[in-house]
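Student: I would like to practise reading a fold with you. Could we go through it one feature at a time?
Tutor: Gladly; have a look at it first, and then ask away.

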Amino acid sequence: MKRLFTLFLCLAMLFGLTAAAFAETSGPEWAVDEEGTLTVRGSTGDYTPDEPAPWQEQADVIRRIVVEEGATAIGSYAFADLIAAETAVIPDSVAVIGRAAFASCWALSGISLGTGVEEIGADAFLDCFALE
């Protein structure tokens, strides 16, 4: 009986950790790994300076932004103020990059931009001083 209980606890913890690997919010699923890579599954939706994206709380540790294939839009202010982010990967499926989407990403020096981008909003890369 004790072994069965232990097995049950281990399984519950395993499934709990797996489910927690990607945070589920009203927006896309996302996670930040130990190397500082923010991975976003799905389109981000729009945010504002007063109501920032949920990953904004980890702005000081995010070094790389990866939007997974299948996302079609990066919303307004989605990655704004991620001051430690150095690179971003935007897949071919993304057609729209919203207003100020990457604004004030001071360390952002490289972007892998997919071929599907058709629209880039105003100030999308405002104050991205490291971009050339």
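Student: Which residue in β2 stands opposite alanine 31?
Tutor: Welcome to a predicted model. To read a pairing, follow one strand and look across to its partner. Here threonine 39 in β2 is the residue facing alanine 31. The two strands, β1 and β2 (residues 37–41), run antiparallel to each other and are joined over four bridges.

Student: In what order do the strands of the sheet lie?
Tutor: Walk across the sheet from neighbour to neighbour rather than along the sequence. You then meet β1-β2-β3-β5-β7, five strands in an open sheet with mixed pairing. At the edges stand β1 (29–32) and β7 (110–113); each has a single partner strand, so one side of each lacks a neighbour in the sheet. On average, and ignoring direction, neighbouring strands are turned by 10° against each other.

Student: How many aromatic pairs does the structure hold?
Tutor: For each pair, read the distance between ring centres and the angle between planes. The structure holds five such pairs. In one of them, tryptophan 30 and tryptophan 55 meet edge-to-face, at 5.8 Å centre to centre with 75° between the planes.

Student: Which parts does that pair tie together?
Tutor: Here you place each ring in its own element. Tryptophan 30 belongs to strand β1, while tryptophan 55 sits in the loop between β2 and β3 (64–67), so the pair links parts that are 25 residues apart in sequence. Tryptophan 55 also forms an edge-to-face pair with tyrosine 47, at 5.9 Å centre to centre and 70° between the planes.

Student: Are tyrosine 47 and tryptophan 55 buried or exposed?
Tutor: Relative accessibility settles that, with buried meaning under 20%. Tyrosine 47 has a relative accessible area of 13%, so it is buried. Tryptophan 55 is at 0%, and therefore counts as buried too. Tryptophan 30 is likewise buried.

Student: Which residues form the aromatic cluster?
Tutor: Join the rings into a group and you find Trp30, Tyr47, Trp55, Phe79, Phe102 and Phe125 in one cluster.

Student: Which residues have the most contacts inside the largest nonpolar core?
Tutor: Look for the residues where contacts gather. In this core of 26 residues they are Trp55, Ile74, Phe79, Leu82 and Phe102. The strands β2, β3 and β5 (87–90) each supply at least two residues of the core.

Student: What is leucine 82 in contact with?
Tutor: Set aside its neighbours within four places in sequence, and the partners of leucine 82 are Leu38, Trp55, Gln56, Ala59, Ile62, Ile65, Ser104 and Cys105.

Notes. Residues numbered from 1 in each chain as written. Predicted model: local features only at pLDDT ≥ 70, side-chain atom pairs only at ≥ 80, totals over all residues. Heavy atoms only, no water. Pairing = 2+ DSSP bridges. Axes fitted to C-alpha atoms, helices over the stretch in contact; angles between N-to-C directions. Phe/Tyr/Trp six-rings, centres within 6.5 Å; stacked < 30°, edge-to-face > 60°. Buried < 20%, exposed > 50% of the residue type's maximum accessible area, 1.4 Å probe, protein only. Core = buried A, V, L, I, M, F, W, Y, C linked by side-chain atoms within 4.5 Å. Contact = heavy atoms within 4.5 Å.
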